[in-house]
Amino acid sequence: MSILIKDGILVDANDSIKGDLLIEDGRIIKAAAKIDTSEAKQVLDAKGCYVMPGGIDPHCHMQLPFMGTVASDDFFTGTRAALAGGTTTQIDFIVPNPEQSMLDALKQWSGWAEKACADYSFHMAVTWWGDKTAAEMDEIVNKQGINSFKHFMAYKNAIMVNDEIMMNSFIQSRELGAICLIHAENGELVARKQEELLAQGITGPEGHPLSRPPEVEGEAANRAIVFADEVGVPVYIVHTSCKPAVEAISRARRKGMCVIGEALIGHLLVDESVYWNEDWEFAAAHVMSPPFRAKGHQEVLWDSINNGDLSVLGTDHCVFMHKQKANGKGDFTKIPNGTNGLQDRMHLFWNFGVNTGRINMNQFVALTSTNAARIFNMYPQKGSLIEGTDADVVVWDPKAERTISVKEHLQNVDFNVFEGTKVTGINRWTIANGKIVFADGKANVEEGAGKFVARKPFAPMFDNLRTRVKVRQPQAVARR
Ligand code: URP
Ligand code: ZN
Ligand code: ZN
């Protein structure tokens, strides 16, 4: 089956050029100023539209077992919503229970992912350390196609790791050519603050941001960065939400350290006032970690997107129904943490980024797709419009509109943190692996069509780190 996308503007992370794109058997086979319509079975008229690589969301959680319940979007509903929003690949997190083997958890997650209708990959969380962990990490990287390990510095007595485990894992990751991801919040401080607040009678959702102030995130980000630099491993700080965490990332990058910052669409647009809403259900539906912040932090995040300190935009999509959030009535520490964004990320980022002039279209592509592909080593197969690569493409109509609402979204959750937001500039078509899976407002997906994307270690973009670490080896001092 061949598709010709005609008369659009081809936009990638570097350039915007008027042209046509030909797709055949799941691949982009030609990008040129003019391609004859006789070359394709189906022609899509992209006049007035931008043709861009499909989005990559580097941070999602489908049916994650978490805080005594399970996230309500599964790999089918979640990937379907992603495709409707222009995201054609997503990276989920395998989170082994403490004491569970990584390989066992991989089997479990792979089984769940069989029904995905969009391509996906996995990060592996290190949640505990045992005699076999280093060997399992080796197998995960060298035999299972996963080159990224996640570390939760929060969620004490559940999946939090201490400094020793983090260092063990960083050292092994360096040996294996993997990248280390960090949920940066000081879990010890959070736990103490939660206890204090509950003792003071603060039991509602407002206790959530009060127990997780920006300093708690900044301290953890800084600590992880110092450890990673000492070891010589690339580090990626997920869901950077506030000024102190950005400052830690920025300081490190100015010193030449290999630190990547991820922003979330939610933190750019939603502020902490939601937690003081009188409607408990509404406030609880916004509980996620790190929490939405005071407005001033949002400008810092946008500025950091522009100067490159934050170079990837994710969602941390991890949704729970109102009835699941209700587990925390009377105790905010029991409200399952997580909110939506998978279907909305690209629409919102275009509307509040490109339409406002905060970013340009090439930055849009870089942040929603190409940078993640490079960092996690799936470029150019994903995140590009290069001939021979996977035909994951969005045709973007800058004039088309959508009003985001729980009433129209495909995310399997009865709330949307962006409810009522009107966006201009959305995908008219989404093409995944050469098939039209979303057209003019309608998803047409196939359960199980999504494939696992294997990712090799030693991503070329970290080559300079390896050189630098060699140079930094201490020199023996010649003594007389
Ligand atoms: O609140 C969140 N972010 N839930 C998902 C788990 C995590 O911390 O990423
Ligand atoms: Zn997290
Ligand atoms: Zn997450």
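This report describes two zinc sites and the surroundings of ligand 1 in a predicted model.

## Basis of the model

In this predicted model, local features need pLDDT of at least 70 and side-chain atom pairs count only at pLDDT 80 or more, while totals for chains, interfaces and linings use all residues. Residues are numbered from 1 along each chain as its sequence is written, chains are lettered from A and ligands numbered from 1 in the order in which they are written, and side-chain values use heavy atoms, with hydrogens and water left out.

## The zinc ion (ligand 3)

His 59 (NE2), His 61 (NE2) and Asp 316 (OD) are the protein donors of the zinc ion (ligand 3), at 2.0 to 2.2 Å from it; donors here are N, O and S atoms within 2.8 Å of the metal (3.2 Å for Na, K and Ca), and sites may look incomplete, since water is not among the atoms. Along the chain, these donors follow the spacing H-x1-H-x254-D. His 59 belongs to strand S6 (residues 55-60) and Asp 316 to the loop between strand S15 (310-314) and helix H12 (322-325), so the two tie together parts that are 257 residues apart in sequence; helices (H or I, at least four residues) and strands (E, at least two) are DSSP runs numbered from the N terminus.

Both His 59 and Asp 316 are buried, a term for under 20% relative accessible area, with a 1.4 Å probe and protein chains only.

## The zinc ion (ligand 2)

The zinc ion (ligand 2) is coordinated at 2.1 Å by His 183 (ND1) and His 239 (NE2), and it lies 3.8 Å from the zinc ion (ligand 3). His 183, in strand S12 (residues 179-183), and His 239, in the loop between strand S13 (235-237) and helix H8 (243-254), are 56 residues apart and link distant parts of the chain.

Each of these histidines is buried: His 183 has 1% relative accessibility, and His 239 has a relative accessible area of 2%.

## The surroundings of ligand 1

Of the 13 residues around ligand 1, those that come nearest are Tyr 155, His 183, Ser 289, Asp 316 and Asn 337, where a residue counts if one of its heavy atoms lies within 4 Å. An N or O atom in the side chain of Asp 316, which is also a donor of the zinc ion (ligand 3), lies 2.5 Å from a nitrogen atom of ligand 1. The protein covers 100% of the 260 Å² of accessible area that ligand 1 has on its own, as calculated by the Shrake-Rupley method with a 1.4 Å probe.

Definitions and conventions. Buried means under 20% relative accessible area, exposed over 50%, partly exposed in between (1.4 Å probe, protein chains only). A polar contact is a pair of N or O atoms within 3.5 Å; within protein, one must be able to donate a hydrogen and the other to accept it, and residues adjacent in sequence count only if both atoms are side-chain atoms.
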